[in-house]
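I wanted to know where empty space is left inside this fold, and how its sheets are put together. My notes follow.

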Amino acid sequence: MATITAETLRGIEVFQSLAADERRALAASCDARYYSVNEQVVSRQDESSDVYFIVSGDVRVTIYSRSGRQVSFRDLGSGQMFGDLSAIDGRPRSATVVALADSLILSMPSERFWEALRAHPAVTEATLKELANLIRRLSDRVIEFSTLGVKNRIHAELLRLAREHMHDDNSAEISPAPTHADVASRISTHREAVTRELNHLTQTGLIERRSGKLVIHDVARLTKMVQDVQQA
């Protein structure tokens, strides 16, 4: 079992501005657990309300339809949290979270998380900003699903990933490269459609698979492709 210290919480985004003694007090309320690749952390509609903080590793927030189709919302990595929605409103989990890599994850009871929000304005501010960011991202996706065709949604998803993995001012290296099935699950389409369009973008020189990475050579060009369709 990993030892949870003030230094452990220093790497968690919502706690970074706290003093060491404040982080130490919060650390005492956390439990730590290692999750293996593909291991489920929380399940949709589960009644639990703990908040989770990723010390190392990556997880995917997803929903499975009755037919078994996967719809992925977002991937989260070291320093980020999840489970805060159920902690705040007391309702069942809105999605399933699965480890994408071997991960060390902390859990904190919702009651203690609420205490932290009340006692530390910096934690409250960071949490509100994260919730606002989530709403904006989901709003963008609703607009994309309602107004863009499959090809354009693929471009928009690639642009979203590129902005999170910028290599320099106009190129990005996404590592590990998302599978075609991963991209399909994010934009509600089929893997074959993603394969066709990524092959086309490769032929035009916009993207390239290299050593397990997806390289986007011209983010500005990709941005214009997305903006032209959104503004049409």
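**Entry 1: the largest cavity.** I looked up its lining first. Phe73, Arg74, Leu134, Arg137, Leu138 and Arg141 line the largest cavity. This is a predicted model, so I read every value as computed. The space inside the largest cavity is about 40 Å³. By class I get three nonpolar residues, three charged and no polar ones. Both E5 and H5 supply at least two residues of this lining. H5 gives the most, with four residues.

**Entry 2: the second cavity.** How many cavities of 30 Å³ or more does the structure hold? I find two. The second largest has a volume of about 30 Å³. Its lining is Arg74, Met81, Asp84, Glu130, Leu131 and Leu134. Arg74 and Leu134 are familiar: I noted both in the lining of the largest cavity. Again the classes come out as three nonpolar, three charged and no polar. H5 is the main contributor here too, with three residues.

**Entry 3: helix H5.** H5 kept turning up, and I checked it by itself. The helix has 27 residues. From its first C-alpha to its last it reaches 39 Å, close to the 39 Å expected at 1.5 Å a residue. Which residues of H5 are buried? I list Val123, Thr127, Leu131, Leu134, Arg141 and Glu144. Of these, Leu134 and Arg141 also line the largest cavity. Leu131 and Leu134 are in the lining of the second largest. For the spacing I recalled a rule: an α-helix has 3.6 residues a turn, so residues three or four places apart point the same way.

**Entry 4: the largest pocket.** Next I turned to open space. The largest pocket holds about 600 Å³. It is lined by 27 residues, and the closest to its centre are Asp58, Asp75, Leu100, His165 and Arg186. Which elements give two or more residues to this lining? They are strand E4 (58-64), strand E5 (70-77), helix H5 (121-147), helix H6 (150-164) and helix H7 (180-187). H5 has the largest share, five residues. I sorted the lining by class: twelve charged, nine nonpolar and six polar residues.

**Entry 5: the four-stranded sheet.** I then moved to the strands. Four of them form an open sheet in the order E1-E8-E3-E6, with antiparallel pairing. Strand E1 (31-35) and strand E6 (81-82) stand at the edges. Each has a single partner strand, so one side of each is left without a neighbour in the sheet. E1 is joined to strand E8 (residues 103-108) by five bridges, and the two run antiparallel. I picked out one pair: alanine 32 has leucine 106 of E8 as its bridge partner.

**Entry 6: the three-stranded sheet.** Here the order is E9-E11-E10, an open sheet with antiparallel pairing. Why do strand E9 (172-174) and strand E10 (207-210) each have one side without a neighbour in the sheet? Both stand at the edges with a single partner strand each, so one side stays unpaired in the sheet. Neighbouring strands of this sheet are turned by 25° against each other on average, direction ignored. E9 and strand E11 (residues 213-216) pair in the antiparallel sense over three bridges. In that pairing, glutamate 173 has valine 215 of E11 as its bridge partner.

Definitions and conventions:
Residues numbered from 1 in each chain as written. Predicted model: local features only at pLDDT ≥ 70, side-chain atom pairs only at ≥ 80, totals over all residues. Heavy atoms only, no water. 1 Å grid on protein atoms, 1.4 Å probe; cavity = no way out; pocket = protein on both sides within 12 Å on 5 of 7 lines; lining within 4 Å. Points joined across faces, edges and corners; volume = space filled by probe spheres on them. Nonpolar A, V, L, I, M, F, W, Y, C, P; charged D, E, K, R; others polar. Expected span 1.5 Å × (residues − 1). Buried < 20%, exposed > 50% of the residue type's maximum accessible area, 1.4 Å probe, protein only. Pairing = 2+ DSSP bridges. Axes fitted to C-alpha atoms, helices over the stretch in contact; angles between N-to-C directions.
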